Amino acid sequence: VSFRRAYSNCPICTPARGTVFSGRHAHSGPVSGFFDCYKPAAPSTAHILRRHGYHTAYFGKWHCGIVRDQSPPLVRARPDEYKGSGQRTPERHRAGFQDWFGFENLNQHFASYYYRGRDAEPTKTAGYETDGLTDLCVDYLRRYDRPQPLFAVLSVTPPHFPLVVPDRWKRFDPGALHVRPNFADSPAMREHLATYYAMIENLDWNIGRLMEALASLPRFRDTLVVYFSDHGDFMGSHALYNRKEHPHEESVRVPAIFHWPGGIAPRGPVDGLFSLVDLLATTLGLLGIEPPPHNQGRDFSPALRGEPFRGPDAVLLEMVNNPRWNLDFYDWRGFVTDRWKYAFYETGRELLFDLDADPYEMRNLAREDPALCGQMRRRLLELLEAAREPYFDVLIEHGEPFDESSDLDVSRLKA
């Protein structure tokens with residue numbers, strides 16, 4: 001069963017992942033920005049399930065535990081061989097996961113590596129990262145002999161920059177691709193999109209291998225599998241690619257698929273506004289476990305079971321403590337409803353889209369309809385108050401708008 005509309009509340013790696021495992025929005029959660037770490041004492045899905053008798057394991061990209069001085073001697077000595085953010089994730093920042101086969105933020109799909117348990121030095125991943133990590137996870141499942149039920153997470157980097165994939169998956173003709181109306185069409189952009197689709201097809205094949213392994217193992221035939229992403233990618237829409245971080249649909253919309261033979265009856269997509277902050281409560285709800293009091297999400301398990309359920313009328317969206325790679329990176333707060341998308345940027349700029357009339361978000365109505373924009377602003381303030389917003393309410397109500405065009409962007413100057 002999949003949700004027709006699922007959202008990443010904060011569409012960038014680190015805070016989105018913090019939301020997934022904490023059930024809290026990034027601005028009020030244990031990972032409040034791109035350079036933050038999962039707080040050592042912060043409760044997580046792994047902690048909760050361990051208390052209910054589960055063993056836990058994590059495979060792949062974590063990106064919630066970069067501590068600058070935690071690169072081991074081998075990584076420091078061979079920077080051309082061990083590229084990316086090669087720091088070992090300290091145990092304190094692993095959110096309670098027990099068996100560990102993880103790394104931080106490498107973006108080295110053909111030269112990936114991971115840290116196993118308490119090993120001080122990394123182990124290289126065989127072949128293409130998605131293939132190698134799937135092999136690692138499948139082998140773990142086949143060898144798993146503990147009496148406890150298992151909670152395991154497999155997290156791969158692709159599809160994600162750099163846009164590279166094994167040759168066998170390069171079957172898409174860039175010129176024949178169907179593109180969105182907001183796509184910045186060019187031969188180069190079509191090449192990017194074709195490679196991105198090839199990376200997705202490779203991922204799909206590996207998910208199939210994982211599902212076949214589960215079906216072949218009697219121990220795991222009664223397994224709940226959840227597939228989702230931490231964010232999307234513009235990939236040519238709005239003239240951006242290898243980017244997310246903004247509130248447009250290409251960035252914030254994600255897949256959310258739940259599969260559980262005997263636990264969830266298969267059927268078509270489920271309506272409602274689901275988001276990553278709901279993942280903790282929904283997973284626990286399916287397992288018959290009460291969500292913790294600190295949880296900020298909704299339990300959608302009745303909707304997945306086909307039972308009566310009324311979901312939220314709006315999903316809070318945000319960018320919190322973005323990485324500031326350049327002047328196009330902003331913090332912002334916003335929300336989406338069945339029809340409307342609204343966002344307030346840290347500079348005072350506002351976005352307002354009618355998703356029914358303008359599903360590709362090509363016409364910003366913020367200046368055209370100031371009365372409606374004011375209503376949206378007040379609704380956002382209500383959502384932020386409910387979610388313990390620490391500061392953006394001040395910007396919205398009392399901020400001094402800044403003209404973004406007045407910046408001198410020295411990165412564009414030539415020596």
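With which side chain does the side chain of E318 make a polar contact? In this predicted model, the partner is the side chain of H27, at a distance of 2.6 Å. The side chain of E318 also reaches the backbone nitrogen of A26, at 3.0 Å.

The setting of E318 may be considered next. This residue belongs to strand β10, which comprises residues 315-319. E318 counts as buried because its relative accessibility is 0%, and the term applies to values under 20%. Leaving aside residues up to four places away in sequence, E318 touches N9, C10, P11, H25, A26, H27, W332 and R333. H27 and A26, introduced above, are thus found again among these contacts.

One of the residues that E318 touches is C10, and this cysteine leads to the topic of disulfides. A disulfide is a covalent bond between the sulfur atoms of two cysteines. To be counted here, two cysteine sulfur atoms must lie within 2.5 Å. By this rule, the model has zero disulfides. C10 is accordingly in no disulfide, for the nearest cysteine sulfur, which belongs to C13, is 10 Å away. C10 is itself buried, because its relative accessible area is 1%, a value under the limit of 20%.

C137 offers a further example. Why does the sulfur of C137 form no bond with the closest cysteine sulfur? The closest cysteine sulfur is in C64, and the distance of 19 Å is too far for a bond. C137 likewise counts as buried, because its relative accessibility is 4%.

Conventions: Residues are numbered from 1 along each chain as its sequence is written. This is a predicted model: local features need pLDDT of at least 70, side-chain atom pairs count only at pLDDT 80 or more; totals for chains, interfaces and linings use all residues. Side-chain values use heavy atoms; hydrogens and water are left out. Helices (H or I, at least four residues) and strands (E, at least two) are DSSP runs, numbered from the N terminus. Buried means under 20% relative accessible area, exposed over 50%, partly exposed in between (1.4 Å probe, protein chains only). A polar contact is a pair of N or O atoms within 3.5 Å; within protein, one must be able to donate a hydrogen and the other to accept it, and residues adjacent in sequence count only if both atoms are side-chain atoms. Contact means heavy atoms within 4.5 Å.
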